[in-house]
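Let us walk through this structure, from its hollows to its core and sheet. Keep the sequence and the 3D view at hand.

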Amino acid sequence: MAEIELLIESRAELGESPIWDASRNSLLWADLYAPAIERYCLSDGKRERRVLPETLGAFGRCADGRLIVAMRSGIHLLDFASGALEFLACPPGEPLAGTRFNDGKVAPNGQFVIGTMDEASRSRPLGHFYSVTPAGNTHCLQSGLIVANGLAWSADGRRMHFADTRRDTIHVADYCPERGVMGTPRVFAETQPALHGRPDGGAMDMAGGYWSAGVFGGVLNYWDSQGRLARQVRLPCPGPTMPCFGGADMTTLYVTTLRKGMSPEALVAAPLSGSVFALEVEVPGVPVAAFASRFPASPVTASGGRAHSPSLDTTREPHS
């Protein structure tokens, strides 16, 4: 029986976007509505928190040590230590009224793929997936989604998985790393909210399997390479949002969770909602690439001025 362990006790409204940083033996993750990004070092229990000026969607690591961050105003490069922000890009016409950036991940070719979602009603097909290059160019990979989610790539980089959460569907498409384009999506798995929750963030293992957070169902679902449900792991809270692989041998699944929208009674029943959990698995995960960022230019804020550098909160806590 798989055992879920509490890694970071937190009260995040919407914990999301966990990212493993092997160079620092650290896990990064975001509380989207705080808005803030945290870094937790597994070696010494040190926690650092960088507060940001706008609601987040997702973020990724950059090859130059910074982070690429999707905020309401667009895609930015962030120096975590100083807080300096450099605006990079925003797809033409985004963000549409009532939408925001949602799930994102660095693709195998070093481009950042970011999705959008209908935030206002979660029913309109206004969502897209965009690819962002290091030069700040953007192009649309997929449109017509309600909540673009669940990005993950196979070990060879040639299959791209994603979910449309509100349509309870996980898709797979051929992906060309050389050109940064995807083929026509096909259904990989169809989920049932009562059995699987709704498909949120995802991560792929080296066997071609896909771990999907079953948000509102309190489970992690493991779909094998053929799209068959091969395993299900229950969490101590109803809102898992995204898994990522990490650890020395890439066999630890780290899982973020939410507490946003939960009733007082539900929070009493699941007081660890909003925390980060860990699960040991047998098959290692596919490492996620780093964004092939340019050498830093003069940092600017989202409004175009010099970068603001808010204080960095640092705490140290014992291992869970």
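Which strands each supply at least two residues of the lining of the largest cavity? Strand 6 (56-61), strand 7 (67-71) and strand 10 (99-106) do. The model is a predicted one. A search of the whole structure finds one cavity of 30 Å³ or more. The space inside the largest cavity is about 30 Å³. Its lining is made up of Thr 55, Leu 56, Gly 57, Ala 70, Met 71, Arg 72, Arg 100 and Phe 101. By class, that gives four nonpolar, two polar and two charged residues.

Turn next to the pockets. The largest pocket holds about 460 Å³ of space. Its lining counts 30 residues, and Lys 105, Val 286, Pro 287, Val 288 and Ala 289 lie nearest the centre. Two or more lining residues come from each of strand 2 (15-21), strand 6, strand 10, strand 14 (148-153), strand 19 (198-204) and strand 23. The lining of the largest pocket has 22 nonpolar residues, six polar and two charged.

The second largest pocket has a volume of about 320 Å³. Here 18 residues form the lining, with Leu 14, Arg 122, Asp 200, Phe 216 and Leu 258 nearest the centre. Eight of the lining residues of this second pocket are nonpolar, four are polar and six are charged.

Now follow the sheet. Four strands form an open sheet, in the order 1-25-24-23, with antiparallel pairing. Strand 1 (5-8) and strand 23 (240-246) stand at the edges; each has a single partner strand, so one side of each is left without a neighbour in the sheet. From one strand to the next, the twist averages 35°.

Take the pairings in turn. Strand 23 and strand 24 run antiparallel and are joined by six bridges. Gly 246 stands opposite Thr 252 in strand 24. The two strands, 23 and 24, form a hairpin with five residues between them. In the turn, Gly 247 has a positive phi of about 85°. Strand 24 (residues 252-257) then pairs with strand 25 (residues 276-280) through five bridges, again antiparallel. In that pairing, Leu 253 stands opposite Leu 279 of strand 25.

How many residues of strand 23 are buried? Seven of its seven residues are, and the strand is mostly covered. As seen above, strand 23 is nonetheless an edge strand in this sheet.

The sheet leads on to the largest nonpolar core. That core has 29 residues, of which Leu 7, Trp 211, Leu 220, Phe 245, Leu 253, Tyr 254 and Leu 279 touch the most other members. The elements giving two or more residues to this core are strand 1, strand 3 (26-31), strand 20 (210-215), strand 21 (219-223), strand 23, strand 24 and strand 25. Strand 25 gives the most, with four residues. Leu 253 and Leu 279 thus appear twice: they stand opposite each other in the sheet, and both are among the core members with the most contacts.

One last residue deserves a look. Phe 129 lies in strand 12 (residues 127-132). Is Phe 129 buried or exposed? Phe 129 is buried, because its relative accessible area is 0%, and buried means under 20%. Phe 129 and Glu 190 are 61 residues apart in sequence. In space, their C-alpha atoms are 20 Å apart.

Technical notes. Residues are numbered from 1 along each chain as its sequence is written. This is a predicted model: local features need pLDDT of at least 70, side-chain atom pairs count only at pLDDT 80 or more; totals for chains, interfaces and linings use all residues. Side-chain values use heavy atoms; hydrogens and water are left out. Two strands pair if DSSP finds at least two bridges between them. Axes are lines fitted to C-alpha atoms, for helices over the stretch in contact, and angles run from 0 to 180 degrees between N-to-C directions. On a 1 Å grid over the protein atoms alone, a cavity is a set of points where a 1.4 Å probe fits but cannot get out, and a pocket is an open set with protein on both sides within 12 Å along at least five of seven lines; lining residues have an atom within 4 Å of a point. Grid points are joined across faces, edges and corners, and a volume is the space filled by probe spheres set on the points. Ala, Val, Leu, Ile, Met, Phe, Trp, Tyr, Cys and Pro count as nonpolar, Asp, Glu, Lys and Arg as charged, and the others, Gly among them, as polar. A nonpolar core is a set of buried Ala, Val, Leu, Ile, Met, Phe, Trp, Tyr and Cys residues joined through side-chain atoms within 4.5 Å. Buried means under 20% relative accessible area, exposed over 50%, partly exposed in between (1.4 Å probe, protein chains only).
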